[in-house]
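Colleague: Got a minute? I'd like to go through this one with you, and I'm new to the vocabulary.
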Amino acid sequence: MSESGRQIGEKLFAVLNAGRKKELTEFVREYEGNCVPRFPSYLRSNNPSLTEFQEGNLYVCLEQRLVRVQDQTVNLTAKEFDILALLIRNPKRVFTYEMIIDFVWNEDYSYYSRKAVNNHISNMRKKLKISPDVSDYIKSVAGVGYKFEYYPRTRI
């Protein structure tokens, strides 16, 4: 039986709110067909010391609220930056529209629409994509929400 994007998002939200890591891993395997990737300790969301992030052409400093792409400063609005920071601190984790509103706006999501989140993400993508060769770091998960995704370079 196929579940709708909203049902999947609600199930994910319940698992994340309960903080059940084993169930989260099972959830990801069930819906993505892959096991949860291992991230370096400095990228885990439970690490409060993460203040800077560099991946490819993208540089983000959380303390200074600074974003650079290809050494050019990108001016994001406060909400755009907060969404980006949320996604960066939790790479590959899917955030539903409701979760983004809850974490970024800190309010009941019934007062805001998905359109508000879509607009902020759309504007942020345009600002981050300063040239065609810049990666699209923010990925849509159809009917559910968004995630920050990057592909770390392998070391030889």
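Modeller: Sure, a word first: buried means under 20% relative accessible area, exposed means over 50%, and partly exposed is in between, using a 1.4 Å probe and protein chains only. This is a predicted model, where local features need pLDDT of at least 70, side-chain atom pairs count only at pLDDT 80 or more, and totals for chains, interfaces and linings use all residues. Residues are numbered from 1 along each chain as its sequence is written, and side-chain values use heavy atoms, leaving out hydrogens and water.

Colleague: Okay, so what percentage of the protein's residues count as buried?
Modeller: Of its 156 residues, 37% do.

Colleague: And how many helices and strands are there?
Modeller: Five helices and seven strands. Those are DSSP runs, numbered from the N terminus: H or I over at least four residues for a helix, E over at least two for a strand. Starting at the N terminus, the order is α-α-β-β-β-β-α-β-α-α-β-β.

Colleague: Which residues of α3 are buried?
Modeller: Helix α3 covers residues 78–88, and eight of its eleven residues are buried. They are E80, F81, I83, L84, A85, L86, L87 and I88.

Colleague: Tell me about I88. What does it touch?
Modeller: I88 has a relative accessible area of 1%, so it's buried. Skipping neighbours within four places in sequence, I88 is in contact with F53, V60 and F148; contact means heavy atoms within 4.5 Å. I88 and V60 sit 28 residues apart in sequence, and their C-alpha atoms are 8.9 Å apart in space.

Colleague: E80 is a charged residue by name. Why does it count as buried?
Modeller: Because its relative accessibility is 3%. If you don't count residues up to four places away in sequence, E80 touches H120, N123, M124 and K127.

Colleague: New topic: α4 and α5. How do those two helices cross?
Modeller: The axes of α4 (residues 97–105) and α5 (residues 114–128) come within 9 Å and cross at roughly 75 degrees. An axis here is a line fitted to C-alpha atoms, for helices over the stretch in contact, and angles run from 0 to 180 degrees between N-to-C directions.

Colleague: So what do you call that arrangement?
Modeller: Roughly perpendicular, therefore. The cut-offs are under 35 degrees for roughly parallel, over 145 for roughly antiparallel, 65 to 115 for roughly perpendicular, and oblique for the rest.

Colleague: Which residues make that contact?
Modeller: On α4 it's Y97, E98, I100, I101 and W105, and on α5 it's R114, V117, N118 and H120. They divide into five nonpolar, two polar and two charged. Ala, Val, Leu, Ile, Met, Phe, Trp, Tyr, Cys and Pro count as nonpolar, Asp, Glu, Lys and Arg as charged, and the others, Gly among them, as polar.

Colleague: Now the loops. Where is S131?
Modeller: In the loop between α5 and β6 (138–141). S131 has 16% relative accessibility, so it counts as buried. Its side chain joins that of Q70 through a polar contact of 3.3 Å. A polar contact is a pair of N or O atoms within 3.5 Å; within protein, one must be able to donate a hydrogen and the other to accept it, and residues adjacent in sequence count only if both atoms are side-chain atoms.

Colleague: And where does Q70 sit?
Modeller: In the loop between β3 and β4 (72–73). Q70 is partly exposed at 27% relative accessible area, and it has a positive phi of about 50 degrees although it isn't a glycine.
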